[in-house]
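Me: Please take a close look at a single part of this model. I should like one connected account, with the terms explained as they arise.

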Amino acid sequence: MAASTLERPLAARPSTWFVWAGMTAFGVFLLGILVAVVVDSFGRQWFDTWLPDGFTTERYVAAWDRFDLGEVVGVTVGVAVLVVVISVLVGVPAAYALARRDFPGKRAVMLLFLLPVLMPPVTYGIPLATVMYSFGLGRTLTAVVLVNLVPSVPFVILTMTPFIEQINPAIESAARMCGARTRQVFTRILAPLLVPGILAAAILVLVRTVGLFELTFLVSGPGSDTLVVAIYRGMTAAGGGEARQLISAMSVIYTATMLAMLVVALRFVNPTQLVAQVKETRDD
Amino acid sequence: MSAVGQRPGRATASLRHRLAERGIDPTLLLLVPGLVVAVALFVYPFSYGIGLTVQPTAAMQEQWGGGALANYVAFFRDPFVFDSVWLTMRLALPAALFNVLASVPVAMVLRHRFRGKRLLTSLLVLPITLGTVLTAQGLLIFAGRQGWINRTLLELGLVDEPLKLVNNYLGVMLSLIITGFPFAFLLISSYLSGIDPSLEQAAKTLGAGWWQRFRRIVLPLLAPGLATTFVLTFVLAFSVFPSARLVGDAMGETRVMSLMAFRAFGEQNDYTMASTIALMMGAVELIVVVAVLGLRSLLYRGTTGGKG
């Protein structure tokens, strides 16, 4: 009954119908894209018909062998985990300092961390990749991890700073009054309070790292390609690209991975948090 | 500890204490790793890149002249390169504008509580998992010549021959909307949720219609958020690269700047020209961002009385 009273004003306005029509069109496109790729990946042959003329799972096996997906998935997961661990270890202490202290030059430091988020990845990616190649790191895993840190560390700092700011500093002071040492303040007081924020930031970095294309593409090569880059290379390979169904199978594997991570992420964070990290920093 | 009870700023206070009064104490050491990463992986390569742009290859100098500035001369004189600025803007500006303007009514409607809201929000987050590459693959199949869209339109007799929806400007635009709209929507929703609903209720009590409430209450409060969202969505659309290559017409109407930069980097191995294009990309983007934020401060000041 409460629901019906809430819904009635929604249905009454023509503007609302307009919004719903737009949303439906968007949803049709979205689901169409997703379903088309999934159907294609299971299809045998699919040319001039509504549906493929038979279904099979052998495309997955073929794609797995053809693109060495075991290694690619391993690289993707390994890189993502490394990037998450390093950016949390580097970012959270920095966020703590920024949240708790007011010091000369703080705005400059904030700007320094904001720049990589606001700049197109290509702008700093190409000079960065040039440096990587000149250090002989081109096409190595080290380079892939390093370039991924550039947007990830600022991202952790920018999400964690407002999170730490809303933890009352009186709690820390109280712990100190009770005789806790710095290490104890961190392990007994701050760490438990920070866990939800760190978890959210970590999952978001994970999702972003797996999805990041431009920077990884610039420095990766055979043996250090992540899944997105492998799909892109498959689609643009010389001679018209690989068979479409193989690419579709690979894309489905990618989306399934991302979806699983996102479902986990949504258990911990509000969807608006996925992108809204820059909002808080804007106001300083 | 001995300093407890001293008046702040007294000359007798130790240097350490006086520094601490200004916020400089050992806690700041926690910033060091972050700063090291930022300087080593961002500031240094960036400055190095700027240095590279004024060391053009001999071939470039010969072809375009201008000595150390040959890369810049080439950038502005070579229509093949310079036109990409216009081609990028032609994609990124309308896409960002559409995404922001379409998000506002959707976010306004979805602000209320109703059944299935969580499902709908999750549906909107879905494109983030697709990524540009799968979106491209899906568009090629779904909206291609023999895809379901064209098949349906043909069956219904709405068109006589398949519409050309991919491998052109339209394809890239569709992919930018599919990836960019959820992003803009989520940002706008978070801004909207920050507006105190009692303000609108007060206006309603005073007899304001929905347009007046929107125009006088919501829009001014949302304006800074709109500008920020526009900037972020624009940044996203501006650096479009995979979709311009995969669902666009990479050598024709969607020859965007990032494609040109990658071409110079990967295919021609001209790192100096690649850095030049990359930097010019940053510069063009900066101009738009500054213009939008400037506009925002104008708009903001005009409607709320000089707070901006």
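Reply: The account below starts from one residue, Thr132(B), and moves outward to its helix, its chain and the partner chain.

The model is predicted: local features need pLDDT of at least 70, side-chain atom pairs count only at pLDDT 80 or more, and totals for chains, interfaces and linings use all residues. Residues are numbered from 1 along each chain as its sequence is written, while chains are lettered from A and ligands numbered from 1 in the order in which they are written.

Thr132(B) is found in helix α6 of chain B; helices here are DSSP runs of H or I with at least four residues, strands are runs of E with at least two, and both are numbered from the N terminus. Thr132(B) counts as buried because 26 other C-beta atoms lie within 10 Å. The term requires 20 or more such atoms within 10 Å, whereas 12 or fewer make a residue exposed and values in between partly exposed, with C-beta atoms placed from the backbone.

Two residues are in contact if their C-beta atoms, placed from the backbone, lie within 7 Å. Leaving aside neighbours within four places in sequence, Thr132(B) is in contact with Ser175(B), Thr179(B), Pro242(B) and Ser243(B), and also with Phe213(A). Val37(B), by comparison, is 95 residues from Thr132(B) in sequence and 28 Å away in space, C-alpha to C-alpha.

The contact between the chains takes 76 residues from chain B and 79 residues from chain A. On the side of chain B that touches chain A, helix α6 (residues 117-142) gives the most, with 19 residues. By class, that side has 48 nonpolar, 22 polar and 6 charged residues; Ala, Val, Leu, Ile, Met, Phe, Trp, Tyr, Cys and Pro count as nonpolar, Asp, Glu, Lys and Arg as charged, and the others, Gly among them, as polar.

As for the chain that holds Thr132(B), chain B has 13 helices and 0 strands. The radius of gyration of chain B is 26 Å, well over the 19 Å that the globule rule gives for 308 residues, so chain B is more spread out than a compact globule. That radius is taken over C-alpha atoms, and the rule is 2.2 Å times the number of residues to the power 0.38. The C-alpha atoms of chain B fill a box of roughly 85 × 70 × 35 Å along the principal axes. Of the 308 residues of chain B, 41% count as buried. Among contacts in chain B between residues at least 6 apart in sequence, 66% join residues at least 24 apart.
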